Amino acid sequence: MTPRPRATLGRVLDDLGSTLLEVVAGRVDPGRSVGGVVIHDPLDPPSMPSEALVLGVGLAASAEIADVVRAVAAEGAVGLVLRVPVDIDADVRQAVAEEGLVLFGLTRGASWAQVAALLRSLLALDDLGGVDDQTLAGAGAGDLFALAGAVSALLDAPLTIEDLNSRVIAFSADQDRADDSRKETVLGRQVPERYLRELERRGAFRALYGSDRPVYLPEIDGAQLPRVAIRVRAGDEILGSMWAAVREPLSAEREQAFVDAAKLVALHLLRHRAGADVERRLRAELVATVLEGGPAAGDAASRLGLAGGPACVLALTVPGEESEPSSAEADLQRVAGAFALHLAAVHPRSAVAPVGGVVYGVIPLAGDGEGADLRAVAVAEEFLSRIGARSQVVVGIGGVAAGPAELPQSRADADRAVRVLRTRPSGSRVARLTDVQISAFLLELGSAMAAERRVPSGPVARLTAYDRRHRSQMAATLGAWLDAFGDVTVAAAATHVHVNTFRYRLRRVGEIGGIDLADPDARFAAMLEFRLRSMVDHPTDEP
């Protein structure tokens with residue numbers, strides 16, 4: 001194995017620059033290695049790895065910054081990250097110049113936990129980089145399907161590589177030599193349920209994951225060929241397994257080759273997972289930057305491929321009032337992955353990321369004329385039809401943004417539409433803000449009154465107070481009459497009283513409430529008061 005160079009300052013800036021980090025002092029040597037990430041703690045100085053990048057949490061005063069620059073540089077650090085704006089005076093600049101250290105600024109809104117996780121993921125990715133230079137029977141570790149083919153050649157048996165959920169990650173090309181059950185597994189990219197039940201019944205997974213050696217399974221119901229399997233493990237973590245369809249137990253030589261191959265596959269899977277984790281987190285940061293706007297939004301949009309042409313924002317959420325928060329979060333993660341795949345199939349320049357409990361998608365559009373957002377409606381409705389009626393996902397669609405600068409407003413529109421959809425237990429699960437704008441306005445007005453602890457006052461309030469004192473139904477009478485558009489017969493039936501009784505109550509409503517029922521403005525005000533009172537009594541949370 002030939003190790004690759006470790007992460008460098010240039011790589012850090014390429015991956016995280018403009019969005020999270022900016023250089024505020026010092027000169028960046030792109031080839032200078034980064035050997036670790038530590039958090040500065042003046043009360044408990046950390047153990048400093050060579051060529052560390054130090055996170056200066058809480059550092060603000062210029063004198064303190066200069067002291068820390070000199071202290072960490074003496075320990076071999078290559079850079080210090082501070083929250084912007086950074087107070088840089090002559091002393092700080094002199095310290096940076098003398099020590100040859102780079103001072104980075106971390107953008108506002110990004111958490112220290114996020115930047116630490118991203119930097120450590122980058123380092124983990126490069127620590128596994130040597131796997132690119134390691135081969136097995138001429139197959140590079142960068143191609144898991146080639147590895148599956150190489151292992152198949154060593155064992156002279158068709159092979160699959162599977163994750164912990166028995167999903168097929170890669171397979172060799174010689175599956176025509178396997179039996180029908182293996183072909184079904186490869187075609188479906190998943191071990192069929194009936195075979196999983198049989199393997200669990202026989203304790204195959206318990207034996208497989210409990211041993212470093214291959215496990216031979218001579219007979220499996222429904223399979224014509226025996227199987228030999230080995231777990232793929234990195235340290236204490238099991239990443240998956242390899243399965244070969246064989247005609248007899250492996251020889252000692254082939255068994256050892258299987259064991260050695262599992263180690264190489266583990267390195268590949270670790271590297272692939274680390275790279276995917278970095279990419280996922282970075283993409284989420286880029287999407288969040290675009291949707292929040294600001295100086296870095298344009299560069300983030302360019303990196304996402306969204307810099308040119310109209311686009312709009314889709315907001316998805318899974319109402320979680322009736323489930324545990326952890327369950328709702330798991331549902332949201334599943335939805336985010338499925339939605340990303342769906343939008344990628346619709347448009348390669350789309351972007352998806354969960355931000356603050358909502359999954360946002362940005363989709364380019366063909367134009368920005370009237371009805372351009374109907375394309376986004378069709379995409380959302382197709383996605384909901386694919387994930388099925390069991391999902392409670394709702395999708396709000398923002399207005400068309402002519403460019404990246406207008407995407408934050410499109411996001412705000414999508415959020416408002418989602419909020420309306422969450423208040424409706426049935427009906428459409430997709431809406432543009434233009435479809436629900438009045439309802440959104442009423443919700444915002446109700447939330448503002450609830451936040452100020454103000455209850456709407458007017459005829460309905462007076463009738464409600466009268467009902468509490470006299471145990472009467474005056475407010476209900478007015479509500480039924482308004483709901484029936486002034487049809488006394490229908491309103492009387494709805495309240496289960498005689499028509500004449502209802503007319504008498506209606507006259508009393510006018511006297512007690514001080515409302516002229518013949519005045520259309522008074523009727524509208526009363527209807528609005530009913531709606532706002534219900535919202536203040538039962539406020540709806542923001543998505």
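Is Leu314 buried or exposed, and what is its relative accessible area? In this predicted model, Leu314 is buried, with a relative accessible area of 0%. Let's look at what surrounds this residue.

**The strand it belongs to**

Leu314 is part of strand 13, which covers residues 311-317. Seven of the seven residues of this strand are buried, so strand 13 is largely enclosed by the rest of the structure. In a regular strand, side chains alternate between the two faces of the sheet. Here both faces of strand 13 are covered: one side holds Ala311, Val313, Ala315 and Thr317, while Cys312, Leu314 and Leu316 sit on the other, and all of these residues are buried.

**Neighbouring strands**

Strand 13 pairs with two strands, as this small table shows.

| Partner of strand 13 | Residues | Sense | Bridges |
|---|---|---|---|
| Strand 15 | residues 358-364 | antiparallel | six bridges |
| Strand 16 | residues 394-397 | antiparallel | four bridges |

You can follow individual bridges in the structure above. Ala311 has Pro364 in strand 15 as its bridge partner, and Leu314 stands opposite Ile397 in strand 16.

**Who touches Leu314?**

Leaving aside residues up to four places away in sequence, Leu314 touches Phe339, Val359, Tyr360, Gly361, Ile363, Ala376, Ala380, Val395, Gly396 and Ile397. The opposite residue Ile397 is therefore one to look for first when you explore these contacts, along with the buried Leu314 itself.

Finally, here is a distance to find on screen: the C-alpha atoms of Leu314 and Gly399 are separated by 9.4 Å, and these two residues are 85 residues apart along the chain.

How values were computed:
Residues are numbered from 1 along each chain as its sequence is written. This is a predicted model: local features need pLDDT of at least 70, side-chain atom pairs count only at pLDDT 80 or more; totals for chains, interfaces and linings use all residues. Side-chain values use heavy atoms; hydrogens and water are left out. Buried means under 20% relative accessible area, exposed over 50%, partly exposed in between (1.4 Å probe, protein chains only). Contact means heavy atoms within 4.5 Å. Two strands pair if DSSP finds at least two bridges between them.
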